[in-house]
Each structure stands twice: as structure tokens, then as C-alpha cells.
Amino acid sequence: MSNGKLIWMDGKFVRWKDANVHIMTHTFHYGFGVFEGIRCYKTKKGSAIFRLKEHVSRLFDSAKIIGIEIPFTPKKARDSIVEVVKKNKFKECYIRPIAYTGDDKRGLNYLGTTIHLSIAAWPWGAYLGKEGLNKGIRVKVSSFTRHHHNITMTKAKVCGAYINSIMAKTESARDGYDEAIMLDVNGNVAEGSGENIFMVKNGIIKTPPLVTVLDGITRNSIIEFAVEKKIEVREEFFSRDMLYTADEVFFTGTAAEVTPIREIDNRPVGNGKPGSVTKMLQKSYFNAVLGNNKKYHKWLTHI
């Protein structure tokens, strides 16, 4: 994987290889930090970051949810993200802001630790592969359950919460699949290891409600595209066997973008190929992020 040249750390740019933290960094030991994933795309009018304001707002919301205060303003964070892309001279890239606790305290109680903010970026293609975007991926229902909202904060992108996702993702890879689907504690479909999930049945789109799942920014975008196309969208619970009989299923996320699912637990989804609704929404997504739809220029921050 290619790396960037410079990383922004607490207001200063440092070389990629020098962007280090101490071994006793609190977040390293306990996973107590929050992060974001953001994409910058090459458009006809130059490079542009997709929904920068919404991503930074969620980063600060995540920090508030777990009880830390990022020592920079959202505007400073947004401006610094733009600078990271500029200084690395990227045309397209993936951007990773992360807020974390320092090495000035031991033990679980984080009160009194210094809060840091760093921003890195690197070139990153399709997370689940170009072939996956075009032809769809194979997934399995994981043996690992999505967090319950009274066990951890499911509306925050918390570093440590992704241990669960790592276990699910790795399990699926070991079993020969591309990705995992996680159920909630009641046995309903929740999301992927790092993606929101949608299903299509008889022309109606369904996606799990925002109870245990992350409020995905790409998820939000897809719902808006669907409404614009006059497709009914229902946010409701559904079971794994409903996925087995769905006409179409797809993942959404900043990394995954809009990735069709062609097979679940060795069962083909529909005819085993990306469906018409999925392809239409995928096209709408890429038209928006690449600046080809004037209506959604509001979501682009040009570099």
C-alpha cells in the first residue's frame, strides 16, 4: 500500500515515518479514541473531498459521546484536512483523522490525559476491490454479534469498538469470503464489519434503523439518492433469511463506496449479479462524488 509523505499531528506536519506516538499512549492500550474515514476524489474541476463537513461533525460528535474534547475547532480540523491533501499532492486519497488520548496517565480512567488529533492520508482504491464494485462480493453471516447500544456507544466511531469488526472481517476472510454481515443481539441484520447494508425486495429498499448501527454518511447519501429516484426506502429490522430471498443486497461506506453483494452464505442474491437498483444508486453515488451532478456540488470541498 502506498503512503503519504506528511501527516498532520497537533497542528504540525511531520514526515510519515516520523509520525510516532509513545508505547504508553493510552489509546494504544485501551482503544479509547475516535476516528473518521473520508475520501477525496478527482473531479472535472480538480480534487474534492466528499462531505467533509459531515465527516468532521461526526468526528466531534463521536468525541463528545465518549467524553473527550478535541483541542481544535471543527473548522481547524476541516482546514487541516484540506492542507494534508494539498501538501501530499494527492489527486485522490483516503483521509484518516484520529483523536486519541496521550501517554501521560496509566489505568482505565482517562480523565486528565492529553487529547491529541492527527490527520493522515494515502492513496486507496476500492476497499473491496474493483471487481467487487463491478460484479459484487461474497459474504457470510458472522458468528460475531454487532455491539448493543447499552454495551458500547454505537453512534460513535470508537477505535476499540472495531475489535469486534476485526474479528468478524478476519473470520470471513479465513473462510474464503470477501466480507462479513453482523447480526444484532436480537438476531436481526445490523451491518457489515465496516459498512451499512441495504436490501431490495419487490422494488422497495430496506435498511436497518439507527439503533445499533452507525449513522453512515454514505448510507445517508444513498437514501437521498433513492428518494430522488422515487424509490421507497424503509428503515426497519429484518432477519438473515430475508436477505437470502432478497432481490438485491449491497453495502455502503466511505471505504466500500457502493458495493453489490452477489452471494450470502453460499446462496446467490437474486440472479447472482448486481441488480438494477444497486447499479442505479451506485451510479448516482459516483456521479455525486466525481462532481457530475450539480445538485450535489454542495457536498464537495474542492482542494
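Visitor: How does the lining of the largest pocket divide by class into nonpolar, polar and charged residues?

Guide: A good way to read a lining is to sort its residues by class. In this predicted model, the lining of the largest pocket holds 14 nonpolar, 14 polar and 8 charged residues.

Visitor: What volume does the largest pocket have?

Guide: The volume of the largest pocket is about 650 Å³. Among the 36 residues lining the largest pocket, those closest to its centre are Phe 35, Lys 157, Tyr 162, Ser 193 and Gly 194.

Visitor: Which elements each supply at least two residues of that lining?

Guide: Here we go from residues to elements. At least two lining residues each come from strands S6 (93-101), S10 (189-192) and S14 (248-253), and from helices H5 (162-174) and H6 (217-228). H5 supplies the largest share of the lining of the largest pocket, with 5 residues.

Visitor: How much space lies in the second largest pocket?

Guide: The second largest pocket has about 380 Å³ of space. It is lined by 18 residues, and Val 21, Arg 96, Ile 98, Tyr 100 and Ser 118 are the closest to its centre. Two or more lining residues come from each of strand S1 (6-9), helix H1 (26-30), S6 and strand S7 (115-122).

Visitor: Which element gives the most to this second lining, and how do its residues divide by class?

Guide: S7 gives the most to the lining of the second largest pocket, at 4 residues. By class, that lining has 13 nonpolar residues, 4 polar ones and 1 charged.

Visitor: S1 came up just now. In what sense does S1 pair with S2, parallel or antiparallel?

Guide: For a strand pair, look at the direction, then the bridges, then the turn. S1 and strand S2 (residues 12-15) are antiparallel, with 4 bridges. Leu 6 lies opposite Arg 15 in S2. The two strands make a hairpin with 2 residues between them, and Asp 10 in the turn has a positive phi of about 50°.

Visitor: Stepping back to the whole protein, how many helices and strands are there, and why is it called as compact as a globular protein of its length?

Guide: The protein has 8 helices and 17 strands. Its radius of gyration is 19 Å, close to the 19 Å from the globule rule for 303 residues, so the protein is as compact as a globular protein of that length. Along the principal axes, its C-alpha atoms fill a box of roughly 55 × 45 × 30 Å.

Visitor: What percentage of the residues is buried, and what share of contacts joins residues 24 or more positions apart?

Guide: Of the 303 residues, 52% are buried. Among contacts with a separation of 6 or more, 71% are between residues 24 or more positions apart.

Notes. Residues are numbered from 1 along each chain as its sequence is written. This is a predicted model: local features need pLDDT of at least 70, side-chain atom pairs count only at pLDDT 80 or more; totals for chains, interfaces and linings use all residues. Side-chain values use heavy atoms; hydrogens and water are left out. On a 1 Å grid over the protein atoms alone, a cavity is a set of points where a 1.4 Å probe fits but cannot get out, and a pocket is an open set with protein on both sides within 12 Å along at least five of seven lines; lining residues have an atom within 4 Å of a point. Grid points are joined across faces, edges and corners, and a volume is the space filled by probe spheres set on the points. Ala, Val, Leu, Ile, Met, Phe, Trp, Tyr, Cys and Pro count as nonpolar, Asp, Glu, Lys and Arg as charged, and the others, Gly among them, as polar. Two strands pair if DSSP finds at least two bridges between them. The radius of gyration is taken over C-alpha atoms; the globule rule is 2.2 Å times the number of residues to the power 0.38. Buried means under 20% relative accessible area, exposed over 50%, partly exposed in between (1.4 Å probe, protein chains only). Contact means heavy atoms within 4.5 Å.
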